[in-house]
Every structure is written in structure tokens, then in C-alpha cells.
Amino acid sequence: MGFHVCSQTLYSAPTHHQFINSISRGFHRIKVSSPRAMQQQEEVHTVRVPHVLTVAGSDSGAGAGIQADLKACSARGVYCSTVITAVTAQNTVGVQGVDIVTEDFVREQLKSVLSDMRLDVVKTGMLPSPGIIKVLCQSLKEFQVRALVVDPVMVSTSGDVLAGPLILATLREELFPLADIVTPNVREASALLGGIPVETVADMRSAAKSIHDIGPRNVLVKGGDLPASSDAIDVLFDGKDFYEFRSARIKTVNTHGTGCTLASSIAAELAKGSSVLSAIKIAKRYVESVLGYSKDIRIGEGQQGPFDHSMKLKNNTPNLCARRPFDPSDLLLYAVTDSRMNKKWGRSMSDAVKAAIEGGATIIQLREKDSDTGDFLKAAKTCVEICRPHGIPLLINDRIDVALACDADGVHIGQSDMPAQTARAILGPEKIIGVSCKTPEQAEKAWIGGADYIGCGGVYPTNTKENNVTVGLEGLRRVCLESKLPVVAIGGIGSSNVKHVMELGVPNLRGVAVVSALFDRESVSGETRNLMTLIKDSTKVLK
Ligand SMILES: Nc1ncnc2c1ncn2[C@@H]1O[C@H](COP(=O)(O)OP(=O)(O)O)[C@@H](O)[C@H]1O
Ligand SMILES: Cc1ncc(COP(=O)(O)O)c(N)n1
Ligand SMILES: [Mg+2]
């Protein structure tokens with residue numbers, strides 16, 4: 001929620017009361033002194049978040065190890081603390097060096113975390129020496145946790161040894177009996193069982209059963225590296241039954257860190273309270289989604305690249321990043337294309353958008369009330385591609401799902417849609433959110449909720465919205481005077497009255513939003529151009 005407070009300060013610094021308000025919504029503990037704020041403090045409560053501790057090695061390339069665990073837990077909505085057992089010099093080519101942390105210092109890290117934080121699940125990765133495993137087992141006996149996930153990391157995807165055969169006996173005898181689940185890949189399963197071949201699903205089943213005999217409650221043998229298999233199959237044995245988890249195999253070189261990610265995602269779901277079965281199901285689905293999203297990204301020159309745990313990197317690739325931050329001057333001539341009007345004039349949504357841009361519109365909103373979601377999404381994607389090279393922000397009316405799916409620049413929502421604060425939580429800190437407001441109170445609420453601008457109207461009566469209460473120029477003036485956000489006027493505005501609106505000259509009024517006067521006309525670009533001339537004339541008068 002921190003970003004929220006920052007975004008507000010772009011336009012106006014929040015008052016003390018607003019500041020407290022916005023923080024308390026994030027459930028942070030606060031110290032305050034004013035009587036009003038003291039009252040607020042009583043309402044503040046803290047929320048304990050699910051917490052996984054990973055005990056693993058650091059990967060400098062950040063594809064696997066501690067770094068993968070942190071990213072996976074973060075993406076899965078769980079807090080992750082870390083105890084580092086080894087530092088590896090590693091990249092997509094291989095492991096160039098390993099520096100093992102001393103047993104004493106592993107013990108010290110464990111004590112720091114476990115004595116202070118109430119955590120739910122411990123997940124282990126690279127445990128490079130028998131001594132470190134013993135230290136860990138001692139700590140686990142001293143400080144109770146709800147579950148222990150053991151990923152018996154031995155060899156990296158690149159084939160380099162991370163923990164040699166020396167650890168096998170201690171791993172089997174001391175750590176496995178404490179584990180709720182162990183997650184060997186096929187090679188690790190083979191090594192744990194003295195080198196027996198594990199090359200088929202049938203082998204995986206019998207390996208899972210044999211490893212179960214060593215003591216863990218559940219064994220998941222992962223088949224990512226299974227030869228000649230078109231699906232990615234993992235086999236679970238819980239002491240009674242076998243379960244097969246199967247997903248399509250993603251064709252990609254970016255599989256470095258899949259094992260660490262699967263294990264920490266299982267730990268994350270267990271920390272949230274899932275059963276072992278559903279934790280595996282969700283974790284595997286997550287791995288499949290991130291691999292699918294990342295299949296074409298390229299990081300490093302080696303054979304096995306890392307993937308994008310947060311599924312965000314591609315949004316920032318240079319050919320797509322004409323997007324720039326919202327600027328209130330974008331509101332100057334705000335074109336709202338309405339599906340019914342486009343239908344009436346036999347125009348496609350994208351033709352309407354092209355014409356508005358050609359005429360000089362500074363921001364565009366798609367308002368679709370009739371078509372199916374799939375058709376709307378397809379058209380919206382085309383409009384995003386049209387707008388982005390021009391640097392014109394594209395917003396979607398009401399449909400946050402469509403805005404996300406087509407990667408629009410933001411949404412415009414009304415008073416009966418979800419609150420701005422909820423929309424902001426879903427859309428993240430960057431997307432533009434506009435809220436329709438008729439009163440200063442609504443404008444205040446939108447600001448606190450994290451909106452970027454206010455749409456105020458209807459200024460004049462309009463056919464576009466049935467039963468819409470008109471606020472008039474006076475209502476617009478009141479909202480503008482009190483709003484901390486930039487305002488765009490909407491409702492029945494066109495060439496005959498745009499000057500009256502713009503020449504109000506009130507602070508925060510940054511432009512006009514227009515539907516019929518642009519789109520219920522023969523030439524959208526011509527009308528847009530004319531209106532822009534009138535807007536510029538009236539802003540000149542003000543200067
Ligand atoms: N190409 C792929 N497509 C889909 N899932 C995969 C792919 N490669 C691995 N997985 C899945 O990732 C998880 C980690 O498996 P694996 O790669 O075998 O472990 P490790 O990284 O320890 O070798 C498993 O759930 C496996 O099924
Ligand atoms: C520090 C460290 N820990 C674990 C792995 C295993 O990686 P993978 O998940 O690809 O098997 C690794 N390569 N490096
Ligand atoms: Mg792997």
C-alpha cells in the first residue's frame with residue numbers, strides 16, 4: 001500500500017488525517033499523537049501473514065536457490081525469510097564457484113529468524129554439508145514449525161554438483177524423518193536410492209515408495225527431466241496412495257530454477273493452509289504458467305535460462321514500452337468511444353479510435369456495453385496497438401478484467417463499480433484509474449482510494465447516459481475547487497458549450513470528455529480537430 005500514499009503526493013500532499021487513513025488501510029502499526037488520530041489507532045489491527053523460511057544456497061544468476069524462493073513466495077503472496085547455506089557463483093552457463101557458509105553462521109542465521117519470527121513452513125534447498133544438515137535438524141527440534149518441505153538439491157540443472165554424496169546419509173537419517181514432503185527430481189531420487197535407474201513413470205512410482213520408507217510423510221518425484229516424455233509428470237506417494245500430477249511440457253530453455261520454485265510454491269501454499277495435495281496442484285500450475293509466460297525470454301548466454309516469476313518482465317520490453325506515466329494534461333481532449341454509437345454509424349471500435357487520434361484526442365476510453373467479452377477483448381487489444389505508438393493512453397470503461405487482459409493503460413470506473421481502492425489493488429501502482437464523481441465527497445473518496453483523475457458530470461444533459469443527474473457548471477466548479485485530483489468535465493459537452501466549461505477557469509479542471517459530439521457525427525477526426533481548436537482558444541483566453 002506504500003505506493004498509494006506516494007501517488008497522491010503527485011497532486012497534493014495528503015493531510016495528516018488522510019495519511020493516517022491510507023496507512024491504516026494497509027494495517028501497518030502506527031504511532032500518532034493527535035486525538036483524531038488516536039481514535040484511528042484504536043481501529044488499527046495487525047494481520048499476521050503466511051511465512052516461509054527458506055534454508056538454501058544463493059544463486060548469483062538469481063534463477064534458482066534463495067533468489068528463486070524469494071521470488072516464488074512473493075509471487076504466491078507469502079512472506080519469505082532466508083537462511084543462506086552457501087554462496088554460489090552461478091549463471092546460465094553453469095556453476096563457477098561455491099563458498100559454503102560455516103556451520104556456526106548457519107546456526108546464527110537460524111536462531112535470528114526462528115527466535116524472532118513466527119513462521120509457518122521451513123523449505124530447504126542446497127544443504128552442502130552433513131554439519132549444516134545437523135545444525136538445521138537441531139533448530140527444527142528446538143523451534144516447532146507447521147511443516148517442513150525438503151528439496152534434496154544435489155546437482156544443478158547445468159549438471160554441476162551443489163551437494164555431493166557425502167550429505168546423503170545425514171539427509172536420509174536425520175532430515176527426511178522430520179519432513180512432511182521431499183521433492184527429488186529423477187536424478188536425485190536415483191542418488192538417494194544408491195543409483196538405481198529412475199527413467200520412467202513406473203520407476204518414479206517405485207522410487208517414491210522406497211524414499212517414503214526412509215521416513216518423510218510424502219514423496220514427490222519430479223519428472224521435469226524425464227526423458228522421452230511429452231508431458232511434465234510428477235508422482236506423489238503419501239504412504240498409501242500414488243497420485244500423478246501432469247501438465248503440458250512447455251518448450252523452453254528457461255527451466256533453471258523450476259525445482260526450487262516448485263518446492264517453495266508448495267511451502268507457500270502449505271503456509272496459507274492448503275493440504276499437501278492441493279499445495280502441489282497449485283504449485284505445479286504456477287510453475288507451468290510462469291514457464292509458459294517466460295518461454296521466449298532470453299537472459300544470459302547459457303543453455304538453461306531463468307524465468308519470470310512475476311510474469312511482468314515482458315511488459316517492459318522496448319518495443320512495447322511507449323507507455324509513459326499519466327500526466328494530467330492528457331485529459332485535455334478525452335474521447336470516449338461508445339459501442340452503440342459506433343454501431344449506429346457502422347464504425348468499428350478501432351476505426352473510431354484511429355479517427356479520434358488523427359483529430360488530436362489526448363486520451364481515449366473504450367465504452368462497450370453490448371458485445372461479448374471475447375469480442376470486446378479482441379477489439380481492445382487492437383486499440384491498444386493503435387494508441388501506444390502515438391503515446392495516447394487507452395482506458396477501458398468499467399471492465400478491469402478486460403483492461404488487464406489487453407494491457408490497457410487503465411480504467412474509468414463509476415460510483416456503482418468497485419471502489420477505486422479495490423481497483424488499485426488489482427491493477428497495481430502504474431495503471432491509470434479515473435472515477436466518475438458528482439460531489440466533492442466522492443472526489444475525496446476517489447483520491448483516498450488511489451485514483452489518478454476525476455470525471456465530473458454530467459455537466460449538461462445527455463442522451464448517452466439514462467437517468468443521469470446533471471451537476472451543471474456550478475456542480476463542476478464545486479468538485480474542481482475541492483478535488484485534490486485533476487478533473488475532466490463530462491456530459492453533453494460539444495462545440496457549442498466547450499468554451500463555457502473551459503473558461504470556468506477553476507483549478508484542477510484539465511479538459512473535457514466527449515462522446516456524442518465526436519462519435520455521433522459523420523467525421524470523427526474533423527469534429528475532434530474542431531473541438532481541439534476551440535479548447536485551445538479558450539485556454540488561451542485564460543492565459
Ligand atoms: N518444460 C516444462 N514444462 C512444464 N513443467 C515443467 C517443465 N520442466 C519442469 N517442469 C516441472 O517443474 C517442476 C520441477 O521439476 P524438475 O525440473 O524435474 O525439478 P528440478 O529443477 O529439481 O530438476 C516439476 O513440477 C516439473 O514437472
Ligand atoms: C544455489 C542453488 N540451489 C539450487 C539449485 C537447483 O536449481 P534447479 O531448480 O534448476 O534444479 C541451483 N542451481 N543453485
Ligand atoms: Mg529443473
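Two exercises on the surroundings of ligand 2 and on the enclosed space of this predicted model follow.

Local features need pLDDT of at least 70, side-chain atom pairs count only at pLDDT 80 or more, and totals for chains, interfaces and linings use all residues. Residues are numbered from 1 along each chain as its sequence is written, and side-chain values use heavy atoms, without hydrogens and water.

**Exercise 1.** Determine which residues come nearest to ligand 2 and which polar contacts they make.

*Solution.*
1. A residue is near the ligand if one of its heavy atoms lies within 4 Å. There are 15 such residues, and Gln90, Thr157, Gly257, Gly259 and Cys260 come nearest.
2. A polar contact is a pair of N or O atoms within 3.5 Å. A polar side-chain atom of Gln90 lies 2.8 Å from a nitrogen atom of ligand 2. Backbone atoms reach oxygen atoms of the ligand at 3.2 Å from Gly259 and at 3.3 Å from Cys260.
3. Of the 370 Å² of accessible area that ligand 2 has on its own, the protein covers 95% (Shrake-Rupley method, 1.4 Å probe).

**Exercise 2.** Classify the residues around ligand 2 and those lining the largest cavity.

*Solution.*
1. Ala, Val, Leu, Ile, Met, Phe, Trp, Tyr, Cys and Pro count as nonpolar, Asp, Glu, Lys and Arg as charged, and the others, Gly among them, as polar.
2. The shell around ligand 2 holds five nonpolar, ten polar and no charged residues.
3. The lining of the largest cavity holds six nonpolar, one polar and five charged residues. Among those nearest its centre are Arg323, Arg324 and Asp409.

How values were computed. Chains are lettered from A and ligands numbered from 1 in the order in which they are written. On a 1 Å grid over the protein atoms alone, a cavity is a set of points where a 1.4 Å probe fits but cannot get out, and a pocket is an open set with protein on both sides within 12 Å along at least five of seven lines; lining residues have an atom within 4 Å of a point. A polar contact is a pair of N or O atoms within 3.5 Å; within protein, one must be able to donate a hydrogen and the other to accept it, and residues adjacent in sequence count only if both atoms are side-chain atoms.
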